[in-house]
Amino acid sequence: MIPLVTFRLSGYVRSHRIFQPLLGLLAVLSVIYATGVPAGGELPSYSDSAGILMLVFAWGARGLLDNEPDEQRLIAITAVGRRRELVAGLLAALAFTGALALVALVFPLVVGFAETPGAADVGYGAGLHLLAVLAGTTLGALTSRPVLASPAASAAVLVGGYMAILLLSSAGPWASVPVLDWMNAAHHHELPERAAVIAASAVAWSVAGLAGYAAVRRVRG
Amino acid sequence: MRATNVSFRYRRGDPWVLSDASLDLAPGAVAEITGPNGTGKSTLLRLLAGLLRPVKGRIDERPAVIGYAPERFPSAQPFTVAGYLRHMAAVRRVDVPEELTARLGMDHLLGQRLPDLSKGSAHKVGLAQALAGEPGLLILDEPFAGLDVTARAELALIVAEVAARGGIVVASDHQGDLRTVPGVTRHEVRDGKITQVARVVEDDPLTTLTIKLPQSKADALAARLRAEGHEVS
């Protein structure tokens, strides 16, 4: 399965489509960290970064999954089997969005934060970005070509889905991926107490979304 | 491998592409799938390859290693021929098919980028990746289309070799090149059914028929005769 993950990542990088989400990432990081973050504001900034970048992760994941032609996907399915092809695509997308998240974590340590945050804040920041990677990759998979063939519908559902997640997450931690909840908790210094519920909700929604993606792929190939 | 009472349609409410169709393929079988355009040949090939699931019926005893060459190789990929074949060999956990690339006459293409290839050259890449790793089931969708004469003859030999070591080969073939392979059986897809077309028996010798007709109708008649399994030159 690893050679297929490598093949998918290599194709995506070589196609230069990788620059689209990279530019999106840099734009978001520039906006968040342009004016600098004073001491004590690191975790709230990380939470905002994770929440906003979820859209970029979804965009990147969809781009990677849609990068190869449909016929190549069929060739890969016959080569490794339907399940492994699906998992390899998702692993490649997670690896790419994970790399974007790593940049988002390190970037402010170099140019954004007035002081280096403690290990706990970096750890919570990494955890929130990990949840954003998982949820964003899921949203990207659910809007990829095997699920939504029309590029216009795919783009609309991707952006609309992200906005719906934001709106619904204001209703409570289980209403959707709790993006606003984790931002709110970080800004009010309540993240340690609420982290377990936030992580459980984000993982549960992502697993449900990935199960839906797998179910659609089982029917549509 | 056995397809039993297979029915398939792409969406609920669509007409059935295949309806209660069956096909038995023993190890070493070479099956030529014929039929007019749009009757479901490619759909049947994808069902046999496991790329589509039958709506009704079942396909059993599919060999584990499958090689699939689509009708149109997806050449819009950012790799050289060598790079692509190297990746696909790694994916299949087999050696890079260097002997195959030589036999198909594509060694001079190895450094070229896939998007720069002609249709026939790209088709060879699709065949090479499908043939790598000694597939137990080889699914070829119009494998001879666009190939030069040498490659067509070599491909027929390779198909015979796959069958000789027990592999099953199923191919749609409008060109009729597969008929040079010993033991090939011909199956026609029409009206949702698969019908085995009777083989030409030895006591029914071949004859050559010359037909005079308006030039504008020649291509259509040639295509129809090929679809019916006749050799047209």
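**Note on the predicted model: chain B sheets, a helix pair in chain A, and the A–B contact**

1. In chain B, strand E3 (residues 30-34) runs parallel to E7(B), and four bridges join the two. Within this pairing, Ala31(B) has Val170(B) of E7(B) as its bridge partner. The model under discussion is a predicted one.

2. On its other pairing, E7(B) is matched with E6(B), also in the parallel sense, over five bridges. Here Leu138(B) stands opposite Val169(B) of E7(B).

3. How many of the five residues of strand E7 (residues 168-172) of chain B are buried? Five of the five are, so the strand is largely enclosed by the rest of the structure. In a regular strand, side chains alternate between the two faces of the sheet. In E7(B) both faces are covered: Ile168(B), Val170(B) and Ser172(B) are buried on one side, and Val169(B) and Ala171(B) are buried on the other. The two bridge residues named above, Val170(B) and Val169(B), thus appear on opposite sides of the strand.

4. These strands belong to an open sheet of six strands in chain B, ordered E5-E6-E7-E3-E8-E9, with mixed pairing. Its edges are strand E5 (66-69) and strand E9 (193-197) of chain B; each has a single partner strand, so one side of each is left without a neighbour in the sheet. From one strand to the next, the twist averages 20 degrees.

5. At the E9 edge, strand E8 (residues 184-190) of chain B pairs with E9(B) in the antiparallel sense over five bridges. One bridge links Arg190(B) to Lys193(B) in E9(B). Helix H4 (residues 119-131) of chain B packs on the sheet and touches E5 and strand E6 (137-141) of chain B; the direction of H4(B) makes about 175 degrees with that of E5(B).

6. A further open sheet in chain B has three strands in the order E2-E1-E4, with antiparallel pairing. Strand E2 (18-24) and strand E4 (56-60) of chain B stand at its edges, and each has a single partner strand, so one side of each lacks a neighbour in the sheet. Neighbouring strands are turned by 20 degrees against each other on average, direction ignored.

7. In this three-stranded sheet, strand E1 (residues 2-8) of chain B runs antiparallel to E4(B), and four bridges join them. Ala3(B) has Ile59(B) as its bridge partner in E4(B). Helix H1 (residues 41-49) of chain B packs on the sheet, touching E1, E2 and E4 of chain B, and its direction makes about 125 degrees with that of E1(B).

8. Two residues of chain B other than glycine deserve a check of backbone geometry. Asp20(B) has a positive phi, near 55 degrees, and lies in strand E2 of chain B. Asp20(B) is partly exposed, with 14 other C-beta atoms within 10 Å. Arg93(B) also has a positive phi, near 60 degrees, and sits in the loop between H2 and helix H3 (98-103) of chain B. Arg93(B) is exposed, with 10 other C-beta atoms within 10 Å.

9. Taken as a whole, chain B has six helices and nine strands. The radius of gyration of chain B is 18 Å, close to the 17 Å that the globule rule gives for 233 residues, so the chain is as compact as a globular protein of that length. The C-alpha atoms of chain B fill a box of roughly 45 × 45 × 35 Å along the principal axes. Of the 233 residues of chain B, 40% count as buried. Among its contacts between residues at least 6 apart in sequence, 70% join residues at least 24 apart.

10. The contact between the chains takes 19 residues from chain B and 18 residues from chain A. E5 and helix H2 (81-92) of chain B each supply at least two residues of the chain B side. The largest share of that side, five residues, comes from H2(B). By class, the chain B side has 13 nonpolar, four polar and two charged residues.

11. In chain A, the axes of helix H2 (residues 19-33) and helix H5 (residues 82-111) come within 11 Å and cross at roughly 35 degrees. The crossing of H2(A) and H5(A) is right-handed. Residues making the contact include Leu25(A) and Leu29(A) of H2(A), and Val103(A) and Phe107(A) of H5(A). The residues of this contact divide into 10 nonpolar, no polar and no charged.

How values were computed:
Residues numbered from 1 in each chain as written. Chains lettered and ligands numbered in written order. Predicted model: local features only at pLDDT ≥ 70, side-chain atom pairs only at ≥ 80, totals over all residues. Pairing = 2+ DSSP bridges. Axes fitted to C-alpha atoms, helices over the stretch in contact; angles between N-to-C directions. Contact = placed C-beta atoms within 7 Å. Left-handed = near helix turned anticlockwise from the far one by under 90°. Nonpolar A, V, L, I, M, F, W, Y, C, P; charged D, E, K, R; others polar. Rg over C-alpha atoms; globule rule 2.2 N^0.38 Å. Buried ≥ 20, exposed ≤ 12 C-beta atoms within 10 Å, placed from the backbone.
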